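Me: I'd like to learn how to read a few features of a fold. Could you walk me through them?

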Amino acid sequence: MKSPLFISIPLIATVGLTACMDTYDSSSNTAQGAALGAALGGIAAAATVGGDDKLSKVAAGAIVGGAIGGAIGNQLDKQAAALRQDLGNGDVKIVNTGSQLIVTMPQDILFATDSAVVVPSLQNDLRALAANLQDYPNTTIQVIGHTDNTGSASYNQELSTRRASAVATILTANGVAPYRVRAYGRGEDQPVATNLTPEGRAMNRRVEIIITPTA
C-alpha cells in the first residue's frame, strides 16, 4: 500500500503550480518550468524531512520549487526572444523546452564541406549569440556537433568534435567565460531525420547549442 505522503505529493505539487501560475502566463514555457519546479521541490522536501510536519514541508517545497522553476522559464522566454531578434536568421532554430534553450544551426550554413572552419558570414551570428550569453551569465552552454552517416563513423565523430570546438572557440573568444562552455561531438549517432534522403541528411548535419540555467 502506498504511503499517504507519496499519494499527496502530486496533489501538493499541483497546488504549488497553481500558486505560481497566478503570477506567470500559462501559455508560455514559464508554466512548464513552474510545473517541473513544483514537482521537484515537493519530492526534495519529502526526501529530507520527517515527522508530523512532513506534508507541510512538502507543500512549502512544492511552492518554492514552482516559483524557482517559473522564474527560470520566464528567463528562458526573455532570452529566446532577445536571441531571435539579435540573430534574425531564419535558418537558425531556437527551441525553449521550459528548462533549456536549444539553438540549432545547420552545419551547411556554418561550414564548407569537410571543413571545421566557420564561414565568415556566420561568425557574426555567433558573436551575437556570445553577447546574448553574456547578458544571461547564470547559464552553462553545451556545444554539440552532429553529422549524417556519409563516410565512416570514426571520421564523422572526429569532424563533429572539431566543428563543435570551432563554434565553442568563437563563443569564448567573444567574451563567454570558458568555464561555462563544453564542446562535444556526437558524429552520426543522434540523427533527427532519415539519412536516406538529401533533405534528411541535411537536417542531421547540425550544431546544437544547449543553454541551461544554473539557478
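Reply: Happy to; we'll look at a sheet, a helix pair and one residue in this predicted model.

Me: Let's begin with the sheet. In what order do the five strands come?

Reply: The general idea is that strands of a sheet pair through backbone hydrogen bonds, either parallel or antiparallel. Here the order is β1-β2-β5-β3-β4, in an open sheet with mixed pairing. At the edges sit β1 (93–96) and β4 (181–185), each pairing on one side only. On average, neighbouring strands are turned by 15 degrees against each other, direction ignored.

Me: In which sense do β2 and β5 pair?

Reply: Strand β2 (residues 101–106) pairs with β5 (residues 206–213) in the antiparallel sense, over six bridges. As for a single bridge, Thr104 has Glu208 of β5 as its partner.

Me: Now the helices. At what angle do α5 and α6 pack?

Reply: Two packed helices are described by the angle between their axes and the distance between the axes. For α5 (residues 120–135) and α6, the angle is about 55 degrees and the axes are 8 Å apart. The two helices are therefore oblique to each other, and their crossing is right-handed. Gln123, Leu126, Leu129, Ala130 and Leu133 of α5 meet Val167, Ile170 and Leu171 of α6. Seven of these contact residues are nonpolar, one is polar and none is charged.

Me: And where does α6 lie relative to the strands?

Reply: Helix α6 lies across β3 (139–146), β4 and β5, and runs at about 160 degrees to β4.

Me: One last residue: is Asn156 buried or exposed?

Reply: Asn156, found in α6 (residues 153–173), is buried because its relative accessible area is 3%, and the cut-off for buried is under 20%. Beyond its neighbours within four places in sequence, Asn156 contacts residues including Thr147, Asp148 and Glu188.

Conventions
Residues are numbered from 1 along each chain as its sequence is written. This is a predicted model: local features need pLDDT of at least 70, side-chain atom pairs count only at pLDDT 80 or more; totals for chains, interfaces and linings use all residues. Side-chain values use heavy atoms; hydrogens and water are left out. Helices (H or I, at least four residues) and strands (E, at least two) are DSSP runs, numbered from the N terminus. Buried means under 20% relative accessible area, exposed over 50%, partly exposed in between (1.4 Å probe, protein chains only). Contact means heavy atoms within 4.5 Å. Two strands pair if DSSP finds at least two bridges between them. Axes are lines fitted to C-alpha atoms, for helices over the stretch in contact, and angles run from 0 to 180 degrees between N-to-C directions. Angles under 35 degrees count as roughly parallel, over 145 as roughly antiparallel, 65 to 115 as roughly perpendicular and the rest as oblique. A crossing is left-handed if the near helix is turned anticlockwise from the far one by less than a right angle, and right-handed if clockwise. Ala, Val, Leu, Ile, Met, Phe, Trp, Tyr, Cys and Pro count as nonpolar, Asp, Glu, Lys and Arg as charged, and the others, Gly among them, as polar.
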